[in-house]
Amino acid sequence: TGFPLAVEDVTVGVPRTFMLEQNYPNPFNPGTKITFEVPEDGFVSMKLFNVLGQEVATLVNTSLLSGRYVVDFDGSLFATGVYIYRLEANGAVESRKMVLAK
């Protein structure tokens, strides 16, 4: 599939800060979870890039309420390697590295 299996709201209270956590597990094969928090309602975008900086997937591209979310990502259609996932929301941006090991 190569795309998120789900974006699940797991809010327990309202987050106070914008945060992107390290995916778990990392390295992964083929599935991993990416958790993030957005403190304000708004448009949220999470994109996946290869090490050359080329966008290879859009994981989130929608308006979300403030809260804590988990993206279940299936990388079975992607090659082994290092990828960067980048979260943008309400003017804030954060990125992390993840490793797909097949």
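**Hairpin of β4 and β5.** I looked first at the hairpin of β4 and β5, which has four residues between the strands, and found that Gly-53 takes a positive phi near 85 degrees there; strands here are DSSP runs of E with at least two residues, numbered from the N terminus. The model is a predicted one, in which local features need pLDDT of at least 70 and side-chain atom pairs count only at pLDDT 80 or more, while totals for chains, interfaces and linings use all residues. Residues are numbered from 1 along each chain as its sequence is written, and side-chain values use heavy atoms, with hydrogens and water left out.

**Partners of β4.** I then listed the pairings of β4, where two strands pair if DSSP finds at least two bridges between them. Eight bridges join β4 to the antiparallel β5, and within this pairing Ser-45 has Asn-61 as its bridge partner. On β7, also antiparallel to β4, I found seven bridges, with Leu-87 as the bridge partner of Met-46. Is β4 enclosed, and how many of its residues are buried? Seven of its nine residues are buried, so β4 is largely enclosed by the rest of the structure; buried means under 20% relative accessible area, exposed over 50% and partly exposed in between, with a 1.4 Å probe and protein chains only.

**Core.** I looked up the largest nonpolar core (buried Ala, Val, Leu, Ile, Met, Phe, Trp, Tyr and Cys residues joined through side-chain atoms within 4.5 Å), and of its 23 residues Phe-36 and Met-46 touch the most other members. Strands β3 (31–38), β4 (42–50), β5 (55–64), β6 (67–74), β7 (81–89) and β8 (92–100) each supply at least two residues of this core. Leaving aside residues up to four places away in sequence, I noted that Met-46 touches, among others, Leu-20, Ile-34, Phe-36, Val-71 and Leu-87, contact meaning heavy atoms within 4.5 Å.

**Aromatic pairs.** My search of the whole structure gave four aromatic pairs, taking rings of Phe, Tyr and Trp (its six-membered ring) with centres within 6.5 Å, and calling planes under 30 degrees apart stacked, over 60 edge-to-face and the rest tilted. The ring centres of Phe-28 and Phe-73 lie 6.2 Å apart with planes at 75 degrees, so this pair is edge-to-face. Phe-28 sits in the loop between β2 (19–20) and β3 and Phe-73 in strand β6, so the pair ties together parts that are 45 residues apart in sequence. Phe-73 also forms a tilted pair with Phe-78, at 5.7 Å centre to centre and 45 degrees between the planes. Phe-28 counts as buried at 3% relative accessibility, as does Phe-73 with a relative accessible area of 2%. I recorded one aromatic cluster formed by Phe-28, Phe-73, Phe-78 and Tyr-83.
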